[in-house]
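Trainee: Please take one part of this model and walk me through it closely. I would like the sheet pairing and the helix packing around it in one connected account.

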Amino acid sequence: MVPKLSIAIDGPAGAGKSTVARELARRLGFLYIDTGAMYRAITLKALRRGLNLADEESLKALANQSRIELTTDPDRLTRVFLDGEDVTRAIREPEVSRHVSLVARLPGVREIMVRRQREMARCKNVVMDGRDVGTVVLPDAKLKIFLTASPEARARRRQLDLQAQGHHVPLDSLIQEIAERDRQDSCRSVAPLIPAPDAWIIDSSHLSAEQVVEMIAARVLGRSS
């Protein structure tokens, strides 16, 4: 039996955080919380309404008024609901990916999202992934992972995901997009993308998601023995 604990998995876009976190949670029987999906949901709603993504007050009000729910379906896949609508696929559209960092860096939006994320994690065994889980959201997490990979490896993974959705984007464009996303996430004034001082850094450039899950699960189960 694994004792009650929280696992924080942070890292840049395309490093495989969601895949690893989701499978790790399934393996351990923990609740999986995809913080990035929550910011993507707000970004999707803002784009649909044609809002100025630099207008913090408008975006903060939008976040306050929005209901975001994360559920697990019978196949153990996470479904994302925005005001009752299943937006699991919509939040992964390229347009949302290009703009989510603009929304996620707004202090007012982050304050609301962090509060909700902490409430979701209270009194539960959780695996939570994002950009600042180990440094800001769950600074007392028992295990902190910083999962990274080269920009080229991340771009190739992103390209495969987009192809599966019917989108064909040149690899060079994706590398540039990822580099810009890294710059925005690392340089933002609030909760920048940096490893927690006590994080276990894993480079997944040449590792499969299954291999990373095995590494982390072995450490968790080892702690419980």
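Mentor: This is a predicted model. Start with strand β7 and its partner on one side. β7 and strand β8, residues 200-203, pair in the parallel sense, and four bridges join them. One bridge sets threonine 148 against aspartate 203 in β8.

Now turn to the pairing of β7 with strand β1. β1 covers residues 6-10 and also pairs with β7 in the parallel sense, over four bridges. Isoleucine 7 stands opposite leucine 143 in β7. Alanine 8 faces lysine 144 of β7. Isoleucine 9 has isoleucine 145 of β7 as its bridge partner.

How buried is β7? Strand β7 spans residues 143-148, and five of its six residues are buried, so the rest of the structure largely encloses it.

β1 deserves the same check. Five of the five residues of β1 are buried, so this strand too is largely enclosed by the rest of the structure. In a regular strand, side chains alternate between the two faces of the sheet. Both faces of β1 are covered. Ser6, Ala8 and Asp10 are buried on one side, and Ile7 and Ile9 are buried on the other.

β1 has a further parallel partner, β6, and five bridges join the two. There, aspartate 10 stands opposite glycine 130 in β6.

Put these pairs together. The result is an open sheet of five strands, ordered β2-β6-β1-β7-β8, with parallel pairing. β2 (31-34) and β8 are the edge strands, each with a single partner strand, so one side of each has no neighbour in the sheet. On average, neighbouring strands of this sheet are turned by 20° against each other, direction ignored. Helix α2 packs on this sheet, where it touches β2 and β6 (126-130). The direction of α2 makes about 40° with that of β2. Helix α5 also lies across β2 and β6, but runs at about 175° to β2.

Next, the two helices themselves. Two packed helices are described by the angle between their axes and the distance between the axes. For α2 (residues 35-49) and α5 (residues 107-121), the axes come within 11 Å and cross at roughly 140°. The two helices are therefore oblique to each other. Their crossing is right-handed. From α2, the contact takes in Thr35, Met38, Tyr39 and Ile42. From α5, Val109, Arg110, Met113, Val114, Arg116, Gln117 and Met120 meet them. The residues of this contact divide into seven nonpolar, two polar and two charged.

α2 leads on to another sheet. It lies across β3, β4 and β5, and runs at about 130° to β3. These three strands form an open sheet in the order β3-β4-β5, and the pairing is antiparallel. β3 (68-72) and β5 (85-86) stand at its edges with a single partner strand each, so one side of each is left without a neighbour in the sheet. Within this sheet, two bridges join β4, residues 78-82, to β5, and the two strands run antiparallel. Leucine 82 stands opposite glutamate 85 in β5.

To recap, β7 pairs with β1 and with β8. α2 touches β2 and β6 of the five-stranded sheet, and lies across β3, β4 and β5 as well.

Conventions: Residues numbered from 1 in each chain as written. Predicted model: local features only at pLDDT ≥ 70, side-chain atom pairs only at ≥ 80, totals over all residues. Heavy atoms only, no water. Buried < 20%, exposed > 50% of the residue type's maximum accessible area, 1.4 Å probe, protein only. Pairing = 2+ DSSP bridges. Axes fitted to C-alpha atoms, helices over the stretch in contact; angles between N-to-C directions. Parallel < 35°, antiparallel > 145°, perpendicular 65-115°, else oblique. Left-handed = near helix turned anticlockwise from the far one by under 90°. Contact = heavy atoms within 4.5 Å. Nonpolar A, V, L, I, M, F, W, Y, C, P; charged D, E, K, R; others polar.
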